[in-house]
Amino acid sequence: MNTVTLTVKKQPELYLECENVNPDAFAGKKAADIAKLGAYQGKETSTLGDYFTIAGEAGATAADTKIVINGDCTKMKYIGAKMTAGEVVVNSACDMYTGSWMKGGKLTVNGDVHSFCGLAMAGGEFVINGNAGNYLGAAYRGDWRGMSGGVLRVKGNAGSDVASFMTGGEMIIGGDVDIHLGTHMEGGKIVLKGNANRRVGGQLVKGEIYVFGKINVMMPGYKPVGEKEMEVDGTKATFVDYIGDLGERHPKRKGETVYGHLYMKK
Amino acid sequence: MSEYIIKNGHVFDPVQGIKGDKKDIAVKDGKIVDKVGSGAKVIDAKDKTVMAGALDIHAHVAGPKVNAGRWYRPEDKHFDSHKKPGITRIEGGKSIPTVFKTGYEYARMGFTFAMEAAMPPLYARHVHEEIHDTPIIDEGALPVFGNNWFVMEYLKNNEIENTAAYIAWILRQTKGYGIKCVNPGGTEAWAWGLNCLTIHDPVPYFDITPGEIVTGLMKANEYLGLPHSFHVHQNDLGNPGNYKTTLDTLKLAEGIKPKNTFGREQVLHSTHLQFHSYKGTNWGDFESASKEVMDYVNKQKNITIDTGNVTLDETTTMTADGPFEHHLHGLNHLKWFNVDVELETAAGIVPYIYDPNISVCAKQWCIGLELALFAKDPMRCFITTDHPNAGPFTRYPRVYAWLMSKKYRDERLNTFKNADKVIAGTHIGGMDKELSLYELACMTRAGPAKALGLGKDYGGLKAGMNADIAIYNINPDKFPSSGAEIEKAFSNVAYLFKDGKICVEGGKVVDMGKKHTFWVDAKVPENKQVMHDIREKFLRYYSVNENNYPVPESYAPHQHIITVDATKA
C-alpha cells in the first residue's frame, strides 16, 4: 500500500471543501497530479496544492492507497467522504461531512469531528478518536436513508440527532449523547457506553439500541418485556429488554410483529 | 430585430404536413415569414431536424405545492446543484428543480411553453411569482375547480351559466388559463376523511357526484368557448381496476361538442392517463388496461390525452388529490405533506421511488409507453411525465428514445428483475411500433398547441406563426441506432429560437429570451347572483379579504392575454 502524506500549509479563509481528499480521487496519481485536484472555498475553486504540501504517491487503486493528513484540519470539510476503499488517517480535528456517504475502507480521525459526519454511511470503518457533533451517522437533511452499513466508532461524546433513520451497520459511542438518538431507526445497532439525554429511539421501527448508562427521560412508547444476559462490544452484562416504539408502525414476520429493542444495562 | 434563415434542415411540421423534407425557414421580427432579405443571418441546419418549439401540456412547475416539495426535500438537490459556465444561475434540484433550472432545462430540450397544471386560486400569486422567475419559456396556469364550493353548489342545481360566470371571474382574478379538475369531489370528500372512487360516489354535504361535476364543467367550458378544454385528473388515480372509472368519465364527453374560435376539437383532456389505466383487483394481479382505454380514446374524437410516463427515477409526487397522497404515504411510509386550501382545493406531497426491481413500477412504465404506441391519432395523444409525479420532465428525451426505438425499450423491459411477470401483465413486449419524428412533432408540438387553443400561432412552422423553433442534431436519413444517442440529441438542442431570438445554442443557454404569461380573459354577461355569492363567501368563509384575492398586474409583467366573449352566446 502506498502512502500519500498531506501537510496543511495554508488555512482557508472560509472553509475548504475537500471532496477530492479520499483514496478514490487519489488513486493512480503522483504528488503533482494530486496537487492539481480541485477544492472549493465558497464559490471559488482552488487546488489541493494551494493548501497542502503533498508527499509520496498513490497506489494504482483506492484499495492500495493510504492518505495521512497532518496539520490543523478544523476548517476542512468532506475529508474521506464517499470513499470506497483504502485508508485515511487525519491527525487533527475535522469539520463537517467527514466520512459521509462512505462505502468502504478505513477512516481514522485523531481528534474531534463537527456535525453531519458519517452521514448515510454504507460500509467500511470510521473511527473518531475524539468527540463528534450532531447528526453523526444520520440521514442527510430531509432524507430518510441514514447509515446502512459499516462500523462507526466514536471514542468520546456525540451530539444530538445521532443515527437518525439508521437502517443497518453498527455505531459505538464511548461517551454520552444529547437528545434524539436513533430517531426513525429501521435496522442496525447502536451501542451507547455513556448516558443519553432524552427521546432515545423515537419513532423507531426496527433495530437495537444498547445503553450502558442512564437515559435522562425515557420515551413513553417503550415497554419492558424481560431481562437478557448478553455480551455487547466486549462487556458481559444483564440488560433489561424494552420493545418499541409502540407509537410507530411495525412490520410483521410470520404473523409476529417485529419490534425494535432498547436494552438498558442493569 | 434580426432576421434569420435556417437552411437545409429536415423540417417536421404537422401544421403544414411536412414530413422531413428539406426546407428553409425564414424568421423576422419574432415571426416565421416566407422570405427574408439577403442580410439575414444564416443558420446551417444541414443533417439536422427542425421542429417548432415543444409545448408541455401538463407539468407541475410553479406554485405553492412545488415549492413545498422543494423545501421539504433538501436531499433532492444536495447532489444535484451546479453552476454551469455562462450566463445561467446555479441549477439545483432533480425532481423539483429551481425555477431557473426549470426554464433552462425546458429550453435545452427544445421546449418553449409549459402549462402549470394545478393552480390553487387562493395561492395564484405564488404561482405567478414563480412563473415570472422561470426564464425563457412561456407559461400558463390552470386553476383547479373540481372541488370548489361555488362550482359544486351551482352544478348541484345544474346552473351552467352561473358556473361559467364564476369561472370567468376566477380566471381574471388569478390570471388563469382554463379549467382544471383534480379528483372531482374526492378532494373535498377527503376533508371529511372520505374519497370519491367512482363517478357516482356522492360528495359529502354537497350531495353532488363526480360525474355531475365533470359534465357541468365541460358544459361551462364550452359555454365560455375557452381556448383549452376541460382538463381532468380523474377519480381513483393509481389504483388497480381503475380503468372502469376512467372509461366512465371519458364517456361523459359523448355528445358534447366543442364550441370555440381557436380550432380546438376536444371537449375533454384526460391527463396522465397512465395512472388511470390499471386492471386487476390488487397490486399482486395488477395489469395494464392501456388497450381498453386507448381503444375507446381512439374512436372518440372529442377527447385528447397525455400519457404520464413513468421514468423509473426517484421523484416527488405532488397533486391536489389529497386522499391519494395519504394513500401513497401508507404504501411507502415516506414523508407526507398535506394542506387544505379553504373552499377551493387541497394538496399532498410524498417522495416516491419508481424502482425497476419492483414489478408494479415496471408495469407502470410499460403502460405509459403503451398509451403512446396504441394512439392512432398522434394529434390527440401527448407525451408527458406529469412532472414530477411519474418522473422529472428532464427525462423527456429518454421517454422519446423508448418510444422511437424498440431495441432500446426492449433492453429495458428484458432486464427488469421480474421481466416475465411484467411482460405477462402488459402489452409492450409484443409491440413493434416505433414513433417517427413526424409523430413526435404531433405529440409534442402541433397536438398540444391545438389542444390548448394555441394552434394558430404555436406548435408549427407556417409563415405567420410565432418563431419558436427547435433544431436538433438528428439526421433523419441516418437516424441514430442507439437509444443513448437519441436521448443526447433531444437533451441538447443545436439551436432554440424563442420569439425569433436564439436562446440556446449547442445545448448552452445564451439568452434569457422574453417569457410571457398566458391567461384567458373571458367576458360574460353581468351576473349579479354570482357576484353576490362571491361577496358572501368572502365575508362568511374566506380568511382573506376579497380585495386581497386578485393577482396584481405587477405579478405578471409580461402578459399574453387571450380574450373570449361569451356575451353573444
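**Domains, helices and a glycine loop in a two-chain model**

The domain assignment divides chain B into domain 1 (3–51 + 458–509) and domain 2 (54–451); such bounds come from an automatic or database domain assignment. The model is predicted: local features need pLDDT of at least 70, side-chain atom pairs count only at pLDDT 80 or more, and totals for chains, interfaces and linings use all residues. Residues are numbered from 1 along each chain as its sequence is written, while chains are lettered from A and ligands numbered from 1 in the order in which they are written.

The C-alpha centres of the two domains of chain B lie 29 Å apart. Their contact takes 29 residues from domain 1 of chain B and 31 residues from domain 2 of chain B, where two residues are in contact if their C-beta atoms, placed from the backbone, lie within 7 Å. On the side of domain 1 that touches domain 2, H17(B) gives the most, with 5 residues. Helices (H or I, at least four residues) and strands (E, at least two) are DSSP runs, numbered from the N terminus. The residues on this side of domain 1 divide into 15 nonpolar, 8 polar and 6 charged. Here Ala, Val, Leu, Ile, Met, Phe, Trp, Tyr, Cys and Pro count as nonpolar, Asp, Glu, Lys and Arg as charged, and the others, Gly among them, as polar.

Helix H1 (residues 64–72) of chain B has B:Lys65, B:Val66 and B:Gly69 as its buried residues. A residue is buried if 20 or more other C-beta atoms lie within 10 Å of its own, exposed if 12 or fewer, and partly exposed in between, with C-beta atoms placed from the backbone. Seen down the axis of H1(B), the buried residues fall within an arc of 110°, so they line one face of the helix; the arc is that of the directions from the helix axis to the C-beta atoms. These buried residues pack against strand E17 (314–319) and strand E19 (345–353) of chain B.

Chain B also touches chain A: 8 residues of chain B are in contact with 6 residues of chain A. The chain B side has 3 nonpolar, 2 polar and 3 charged residues.

Within chain A, A:Gly28 lies in the loop between helix H1 (23–26) and helix H2 (31–35). A:Gly28 is partly exposed, with 13 other C-beta atoms within 10 Å. A:Gly28 and A:Thr61 are 33 residues apart in sequence and 6.2 Å apart in space, C-alpha to C-alpha. Not counting residues up to four places away in sequence, A:Gly28 touches A:Ala58 and A:Ala60.
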